[in-house]
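Hi everyone, thanks for coming. I'd like to walk you through one structure today, so please have a look at it with me.

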Amino acid sequence: EPRALSGTGLLLSSDWSAVNYGHFMLDALPRLHLFEQAGFSWSDVDHVYCASQTPNKASALLERFGVPVDRCIFEPLAHDGVVRFDRLLVPSFPGVKRNYPEWTPKFLQRALDSPLAPPERALYVTRGGGQRKVRNEAELFPILDQFGFEVYDPSTSSAPWKDFSQARFVVGAHGAGLTDLAFCQSSASVLELLPSDHQFPYYCSLSLSAKLRYAYLLGTSENVRDASAWGPSPHDFDIDPDMFAQGLRWLLEG
């Protein structure tokens, strides 16, 4: 039975945005820009559907964009759930799949406090738990220490967008932890660690759209899926320590 809500709803959701910070930030939030550009305002909206499994973090972000969070619906629908509105505003997907237009980071950076301090931090973004971890990460820590990097877990920060805006150098494995590259200042440099079984351009595209200096280092996944496999790779991967050190030198000397 549909859950009926009277009035006008705004849809700020897409595939995976309810369960993945990266998709929420890069696929859902930029729809606000399209909503505004189409000439709508919050006086036109009674409900905002923006499902998220981390509603506190989502709410803090949305407030920075002027979204009336008291009208937001954060609870994801059940598998067979249905919500019905009298009228529904549905902004299109904000760009091309896995690629981000230049306006995406510009829009998202509205969430930052200004003026911004000169970026000085050197962040190594660890994936912590989950899939596609750097399997030999412990071998890389002494190298990171030698080059002055701090090991940073964005899931433990209440405002990762602020931390990334303070970063001059960012190194990290492909995954949602690199989402806040959108908030880096244009003087920042990025080295993405890419698994051989999961080569996608999300963060290359985001870095180029944000005018960042970008490179990647290809690691070796512990297994390789069949070419017909669908979805993200579940496999952890290794990074050659010598190549990693060379990559950090390139990053710092640029």
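Let's begin with Y124 and F244, which are both buried. Keep in mind that we are looking at a predicted model. A search of the whole structure turns up nine aromatic pairs. In one of them, F35 and F40 are stacked, with 5.8 Å from centre to centre and 10° between the planes. Y124 and F244 make another aromatic pair, this one edge-to-face, at 6.5 Å centre to centre and with 85° between the planes. What does that pair link? It links distant parts of the chain: Y124 belongs to strand β5, residues 121-125, while F244 belongs to helix α8, residues 241-253, and the two are 120 residues apart.

Back to F35 and F40 for a moment. Is F35 buried or exposed? F35 counts as buried because its relative accessibility is 4%. F40, at 29% relative accessibility, counts as partly exposed. Together with W42, F35 and F40 form one aromatic cluster.

Rings also come with charges here. If you find W250, you'll see R213 lying over its face, 3.7 Å from the ring centre. Likewise, the charged end of K57 sits over the ring of Y21, and the distance to the centre of that ring is 5.5 Å.

Now, for those of you who like sheets. There is an open sheet of four strands, in the order β3-β2-β1-β4, and the pairing is parallel. Which strands are at the edges? Those are β3, residues 72-73, and β4, residues 83-89, each of which pairs on one side only. Strand β1, residues 3-11, runs parallel to β4, and six bridges join the two. If you want a spot to zoom in on, L10 stands opposite L89 in β4.

Last topic: cysteines. How many disulfides does the structure hold? Zero. C50 is in no disulfide, and the nearest cysteine sulfur to its own, that of C72, is 3.9 Å away. The cut-off for a disulfide is a pair of cysteine sulfur atoms within 2.5 Å. C50 counts as buried, because its relative accessibility is 0%. And why is C204 without a bond to C184? The sulfur of C184 is the closest cysteine sulfur to that of C204, but it is 14 Å away, so it is too far for a bond. C204 is partly exposed, with a relative accessible area of 24%.

That's my tour, thanks for listening!

Key:
Residues numbered from 1 in each chain as written. Predicted model: local features only at pLDDT ≥ 70, side-chain atom pairs only at ≥ 80, totals over all residues. Heavy atoms only, no water. Pairing = 2+ DSSP bridges. Phe/Tyr/Trp six-rings, centres within 6.5 Å; stacked < 30°, edge-to-face > 60°. Buried < 20%, exposed > 50% of the residue type's maximum accessible area, 1.4 Å probe, protein only. Lys NZ or Arg CZ within 6 Å of the ring centre and 35° of its normal.
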